Amino acid sequence: MRKSYQVWLPVFLVCLSTLAANAQSFRVQCPTNTITHPSALHDNNSEPTYTGPTTLSAPSATTFQTPTAHVNGAIKCQQISGGDGYSTMGDGTQTYMFSFGPLSGVTDIANGLPGTQFPNNFNVLLAPGTVLQPGDPATTLGSLFDANGNPYNAAVGLAMDIPNLVSIYDISVAGTTVTVVGNAPLGVRVGEMVTISGTGTPFDGTFAVTAATAVNPFFAANLAFTVTNAAAAGQAEITESTTATAGLAARIDGHVDARPIMDVGVMNGNIPAPLMAIDEDDEFFLTLTNVGMIMRPDLFEQHTVHFHGYPNASSFYDGVPDASVAINIGGSFTYYYLAPDAGTYFWHCHITPPEHLQMGMVGQIYVRPRQDRVLAGASLYTALQGQENDLRTACRRAGDGGTTSVTAPTDILCSNPVPAINTGISAVATVVSAPGTTTAGYAYDDGDGSTAYEVEYPIQIHGFDPNFHFVGMTFNPEGFSDMKDKYFLLNGRGYPDTVTAGPLQTVAADGVNHMSQPLPSIINIPAGGRALLRISDLDVTEYQTLASLGIPMKVIGYNAKLLRDQAGNNLAYYTNSITLGGGESLDVILDSCAVRAATGACTTPMATGVYFLYTPNLDHLSNDAENFGGLMTEVHVN
Amino acid sequence: MRATNMKKAISKTRLLLAPMVAMVLLLTVAAHAAAPGITGTGAAGTFNLTAQQAYLNQPDGQAIYSWGYGCTTAPAVSAFRPTLSATSAPFCNTMQVPGPTLIVTENVAFSVTLTNNLPTAAGNTSILFPGIKLNSTASGTQGLLTQEAAPGATVTYNLVATSPGTRAYYSGTQGDLQVEMGLYGAIIVLPATTAGCNAVPNTVTHYVNTAAGNTAEADFRLAAAAYDSVSGINNTCYDREYLFQFSEMDPNIHEQALVQVNRANCTAAGVTAGTCRLEVPTEPYHPAYFMINGRSMPDDMDPNYAREYPHQPYNGNPHMHPGEQVLLRIIGQGRWQHPFHEHGNHVRILGRDGNLILASTAAAETNLAGPLLFTTTTTPGLAMDGIFYWTGKGLNWDAYAHNPSSPDPLAKLTCTPDANGYNALPAARTALNYYEWCQDHNKPLQVNPFGDVASNGPMTLPDANILTNGAWYGGSPYLGPNATTRATGCLGTFNSVTNPQGNGPNCGITGSTPPSGTIANSPSGEAGFAFMWHSHNEREITTNNIFPGGMLMMMLVDSREFQIDESN
């Protein structure tokens with residue numbers, strides 16, 4: 001019965017040959033200009049300072065609101081592969097996984113950073129003369145550069161799209177709006193430069209597309225587009241010209257070459273899956289490219305991305321195959337979200353979750369707060385009051401100091417009202433680049449500095465059942481109710497690998513070294529500093545506890561929400577251990593300061609040395625048969 | 001084939017299984033039920049319960065020997081809540097799992113009389129009512145935790161709940177076996193005062209799609225609020241409610257219980273000889289069935305009181321319209337914790353075990369202090385009340401696919417923000433897009449749509465040929481039949497309006513083909529946004545090693561074009 005679907009293989013192949021010629025297969029999307037982030041207001045290649053809500057145009061019955069000045073946030077893009085791979089357990093065992101791997105930001109991922117990129121780093125070709133090989137970037141780390149000479153973080157496979165040219169069936173003008181109807185679709189997008197020639201009139205020239213489709217009397221709307229051309233005003237319509245053409249130059253538009261995607265993406269799975277980080281107000285374009293599972297050619301396995309915990313998610317981009325679409329092998333799908341409220345989320349494939357999650361398709365994503373972008377020295381309280389003036393981010397209560405009075409009941413699901421007490425604390429200079437580097441920032445829009453940290457570490461708890469993985473690699477049906485994890489993992493590694501610097505590599509079945517576990521969990525805190533631990537759990541079978549030896553844990557957020565009641569009182573609490581089930585996250589601050597002044601400055605640091613995070617579920621302190629390993633890592637106060 | 005590893009066969013034929021599941025759904029009456037239960041009879045508010053044995057149906061075809069609470073005699077229809085339509089036939093069988101949901105009111109005394117009709121070998125049984133004041137008991141025999149009913153005998157508990165909220169009740173006798181066998185249920189305590197809440201929920205006076213034969217929706221709430229009002233202010237008002245009880249079963253324990261019940265010598269002589277008793281080991285524990293309200297997916301999405309499940313009357317099939325505040329009553333029964341993940345939004349926990357969680361210092365309007373959770377961990381014996389809603393706020397595109405240049409009037413609705421930014425002013429009550437998030441009104445999603453949908457958005461959707469549709473996929477990124485039909489672009493007319501892009505060469509060329517395989521959520525009839533609500537210890541969304549199953553259900557956010565009928 002297990003192989004009954006194989007009889008469908010020939011049928012499938014026959015169907016494949018009859019697919020429409022315009023099936024799109026692999027592609028990426030990373031626009032540089034959107035209606036939410038017009039490049040005319042900001043180039044979207046950095047985060048603008050937050051001084052207040054984005055200024056939006058007035059509502060109208062026939063239009064939508066757009067930024068008119070002072071836009072917040074930017075555009076972020078990332079590409080991942082869905083497929084399979086191998087990882088190395090703490091006892092040296094090579095373990096087969098269904099898994100995601102990085103197809104953008106590969107240099108950053110290898111360095112333990114999020115692979116999320118601004119458009120200018122994503123939409124750039126590989127340096128001329130460089131070729132990506134199977135196993136990259138594991139084997140060429142530090143020597144891969146993009147065409148601009150920067151470390152290579154662009155979309156793998158990105159290639160110039162070919163120039164396109166269509167003959168024009170009809171060209172006409174109304175006012176200064178020129179409508180061009182081709183004999184075939186040109187495939188333009190708004191803002192792209194199109195060259196019209198061969199009309200022998202002022203219609204000729206190079207113009208920006210103003211509408212990518214246009215209803216017309218001749219053909220379907222997608223064969224037509226419009227441009228603005230003042231010089232063409234009053235020109236007579238030209239129909240069935242034998243010489244008029246519209247053309248697009250070679251360009252980067254998300255077109256990809258499949259070969260580097262397959263060379264890099266196949267058997268390149270990571271545990272945890274590629275790290276993602278975005279900022280509030282960002283638009284995030286995440287492309288999932290399904291390269292197939294080489295070790296399981298019997299499975300026509302789709303994959304998806306579920307953004308776990310996103311408030312007010314759309315069903316379409318929620319990644320549940322039953323409730324939306326799933327991405328077949330050979331296809332790319334781009335997920336789209338405006339960043340939700342700041343917090344520690346996570347993501348995973350939602351196909352057959354007990355199988356795909358156990359097999360390793362789990363990753364981390366977090367959203368950084370607006371407060372990180374407040375000018376150093378400005379009042380955090382005032383900045384949060386500013387957010388109350390945008391209905392999208394407001395969490396109002398009577399007496400909160402907003403510019404308009406509160407007339408509606410408090411939104412029962414809003415999470416960060418202004419604090420009950422104005423501490424008067426000013427913003428510190430924030431660097432939002434890298435987990436694990438000495439930066440400074442905030443976990444939430446707290447308005448009182450209570451979630452400030454100096455170093456930031458995403459930590460994902462997971463477990464592998466080696467029997468399930470072996471069975472999954474060897475074409476056998478897997479049982480669920482007897483699933484029993486034997487490897488207990490922090491960021492995909494068991495102790496002592498958790499404290500090994502840099503990415504781990506594993507030889508896959510193709511005989512090539514692949515980067516398998518890019519994220520160490522060793523926590524380095526400058527003496528007197530605070531480490532933010534963004535802890536999530538995607539274990540499939542049981543609850544996991546993580547305890548701290550020597551440094552108290554301050555829990556400041558739970559399930560991607562600031563711990564604060566509706567009246568603005570902070571509900572953060574101290575503990576020495578936290579317990580999470582699969583599908584939960586929380587935020588912990590480890591403070592290496594013994595005495596901290598009201599201003600937040602540390603007056604007496606703790607003693608330097610090595611402290612531990614470990615699980616008091618003592619049977620989880622193991623790498624299969626090997627004691628003493630598993631769910632444990634070190635905290636170095638330096 | 002019992003307990004064999006059928007997983008691969010099942011999951012890889014998922015595309016076939018899902019339609020079969022959906023067909024079952026379509027063949028039965030639409031089922032979107034509230035928190036059904038019974039009220040006490042007589043002035044004393046008496047519940048007459050019996051503990052008996054029967055078999056529970058599981059979707060793998062197994063019938064599991066179980067024990068449960070039921071009604072000693074069938075109550076009058078008037079005892080059932082919520083008030084149901086004439087076509088419904090609610091029942092309270094002599095044994096059901098979970099036991100009958102007991103609906104009582106704060107500070108109103110009630111009594112439960114339990115008759116022990118379990119097999120004699122099971123010995124005594126009893127009920128614990130944690131969090132509810134036990135005033136006195138009558139008859140019964142003294143047990144370790146409470147008064148018990150001996151085989152064939154009765155015990156009466158005289159009770160009063162001193163605070164509102166949801167609570168569990170369960171066996172207090174040999175709980176490791178009796179709770180595992182199914183002896184548990186829920187008590188819903190209604191608040192004494194709900195001043196400040198809507199007399200009718202947001203569900204009632206809204207857009208009615210009369211063209212589709214819809215009528216106005218009824219009020220299916222047990223009360224207007226979960227907890228009491230203070231000085232005319234209530235922060236726990238709601239529009240709909242659902243009750244979910246989580247439990248698991250180890251079939252080996254149930255088999256052992258059955259074997260021993262049949263083997264035990266329970267004649268009078270046997271009792272004397274000491275052989276009339278059960279010695280069922282309850283460790284090691286290997287549960288294979290993971291249930292919500294006593295059913296495993298997909299059975300949980302069939303109607304309440306469906307005849308296929310004579311001993312599992314309650315379902316788990318939540319539906320809601322955008323903006324409706326939905327009260328979730330969540331109870332951990334059984335012995336394990338389950339991380340219950342609600343896709344779609346967070347849940348504001350109001351209270352635990354009937355205790356409202358309040359801020360230390362606050363005005364009455366803003367005194368809620370329970371956490372916001374996207375995963376509500378169930379714990380054995382613990383009950384939670386929480387509020388959930390979905391509006392699509394912050395999606396950054398118009399989920400209704402409004403298009404000001406469309407010839408279709410339904411594509412050109414207005415959105416007038418209230419103080420919170422929603423199209424929820426009183427004048428918008430009857431609008432199709434009541435509670436739309438106005439900041440995204442008219443905002444396009446797609447660069448080049450296939451149909452009658454605004455363009456110049458950020459996204460290019462892929463060719464539908466590289467995707468696989470789910471059974472609950474509404475057919476497009478958009479909410480509701482009107483938006484979905486316009487967006488798929490291949491229908492020439494809708495609502496008697498000709499699609500400007502016609503049914504010509506554009507249809508299907510630039511990407512989408514008409515949605516197929518979406519039979520559990522018809523693109524032309526429902527087209528809701530479906531969200532999976534499930535245990536995130538993912539092996540628990542299986543039924544005896546078969547995926548999908550177990551603790552899993554689909555929640556649907558339905559456009560107001562679709563009538564949600566909870567009357568069964």
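Reader: What makes helix α6 of chain B count as mostly covered?

Author: In this predicted model, 8 of the 8 residues of α6(B), residues 481–488, are buried, where buried asks for 20 or more other C-beta atoms within 10 Å of a residue's own, the C-beta atoms being placed from the backbone. Among the residues that meet this cut-off are B:Pro481, B:Asn482, B:Arg486 and B:Thr488. The helix itself is a DSSP run of H or I with at least four residues, a strand being a run of E with at least two, and both are numbered from the N terminus. Local features need pLDDT of at least 70 and side-chain atom pairs pLDDT 80 or more, while totals for chains, interfaces and linings use all residues. Residues are numbered from 1 along each chain as its sequence is written, and chains are lettered from A in the order in which they are written.

Reader: How do you know that β2 and β6 of chain B pair?

Author: Two strands pair if DSSP finds at least two bridges between them; β2(B) (residues 46–57) and β6(B) (residues 110–116) have 6 bridges in the parallel sense, so the pairing criterion is met. One of the partnerships is that of B:Ala51 with B:Asn116 in β6(B).

Reader: Why do β3 and β7 of chain B stand at the edges of their sheet?

Author: The open sheet has the order β3-β2-β6-β10-β7 with mixed pairing, and β3 (63–71) and β7 (133–139) of chain B each have a single partner strand, so one side of each is left without a neighbour in the sheet. The twist from one strand to the next averages 25°.

Reader: What makes β3 and β13 of chain A partners, and which helix lies across them?

Author: β3(A) (residues 75–88) and β13(A) (residues 283–292) run parallel and are joined by 9 bridges, with A:Gln79 bridged to A:Thr287 in β13(A). They belong to an open, mixed sheet of chain A in the order β4-β3-β13-β16. Helix α4 of chain A (residues 258–265) lies across β3, β4 and β13 of chain A, at about 80° to β13(A), an angle taken from 0 to 180 degrees between N-to-C directions of axes fitted to C-alpha atoms, for helices over the stretch in contact; contact asks for C-beta atoms, placed from the backbone, within 7 Å.

Reader: Why does the radius of gyration of chain A agree with that of a compact globule?

Author: The globule rule, 2.2 Å times the number of residues to the power 0.38, is applied over C-alpha atoms; for 638 residues the expected value is near 26 Å, and chain A has 27 Å, which agrees. Of these 638 residues, 57% count as buried.

Terms used. Buried ≥ 20, exposed ≤ 12 C-beta atoms within 10 Å, placed from the backbone. Contact = placed C-beta atoms within 7 Å.
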